[in-house]
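Visitor: I would like to know how the labels used for this model are justified. Please set each value against its cut-off.

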Amino acid sequence: MIEVSATPGRADLPVNAIVVPVLPLEALIDALDLQVGVGGQVQASQLSLVSPCPGWTVRDVMNHSIGVTMKFTHFAAGATDTPHAPPGDLIGRDHRQALRATARAAQKAWTSADLGRSCRLSFGTFSADAILAINLVDVLAHTWDISVATGVKIGCDESLWTAGLDAAHIVIGPDRDEGQYGQEIPVLPPATDRRRFLGFVGRHDP
């Protein structure tokens, strides 16, 4: 469960809303670009491979991550304050095009989003900044899952993993739902922020 805190200085949000320091929108955009780049190297024959997410194939992971991004894109675009992931198959016949279209829509929506709005989900009320953080953690974690399952190398500036680590500490409280993120894997210093992020969300970076 995500830790709930009071909302100082924001009369437009409920008193139990999750509010976080402003995260750079560029981090989410960079993460989506990274996912498009990794997914673009995945062959159609690899979509059925087993992923690090128990019970999920690569296609399942992609479909889930696309759904999460679409869900929050609907919020960012102003379509709803109570977004839900679209059901069913979101990939179709071309996973690369699905990833590209999702990333483009998200970038467009968030660039012009009203960040003063709040988002109501089944497990809490969140500021737009918190929604950015949740989306960022999901995209980075599942892009890594796709990379590990398929052998496609994942490469980006370390600062993106730093932003992801900051976001993960924001959205994952002390009473984490291990069905969502997995048990934290301790990472001994010295360690990169990539390894620290992945360990925090329950993934072992070899």
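Visitor: Why is Phe 123 called partly exposed?

Guide: This is a predicted model, and in it Phe 123 has a relative accessible area of 43%. Partly exposed covers values between 20% and 50%, so Phe 123 is partly exposed.

Visitor: What makes the pair of Phe 123 and Phe 126 edge-to-face?

Guide: The structure holds three aromatic pairs. In the one formed by Phe 123 and Phe 126, the ring centres are 5.4 Å apart and the planes stand at 70°. Centres within 6.5 Å make a pair, and planes over 60 degrees apart count as edge-to-face, so this pair is edge-to-face.

Visitor: Is Phe 126 buried or exposed?

Guide: Phe 126 has 1% relative accessibility; buried means under 20%, so Phe 126 counts as buried.

Visitor: Why is the pair of Trp 161 and Phe 197 called tilted?

Guide: Their planes are at 50°, with the centres 5.7 Å apart. That angle is neither under 30 nor over 60 degrees, so the pair is tilted. Trp 161 lies in helix 5 and Phe 197 in helix 7, so the pair ties together parts 36 residues apart in sequence. Both rings belong to buried residues: Trp 161 is at 1% relative accessibility and Phe 197 at 0%.

Visitor: How do you know that the charged end of Arg 117 sits over the ring of Phe 75?

Guide: The charged end of Arg 117 is 4.2 Å from the ring centre of Phe 75, and the distance cut-off is within 6 Å.

Visitor: Where does pLDDT stay under 50?

Guide: Over residues 1–22. Where pLDDT is low, the predicted coordinates should not be read in detail.

Technical notes:
Residues numbered from 1 in each chain as written. Predicted model: local features only at pLDDT ≥ 70, side-chain atom pairs only at ≥ 80, totals over all residues. Heavy atoms only, no water. pLDDT = per-residue confidence, 0-100. Contact = heavy atoms within 4.5 Å. Phe/Tyr/Trp six-rings, centres within 6.5 Å; stacked < 30°, edge-to-face > 60°. Buried < 20%, exposed > 50% of the residue type's maximum accessible area, 1.4 Å probe, protein only. Helix = DSSP H or I, 4+ residues; strand = E, 2+ residues; numbered from the N terminus. Lys NZ or Arg CZ within 6 Å of the ring centre and 35° of its normal.
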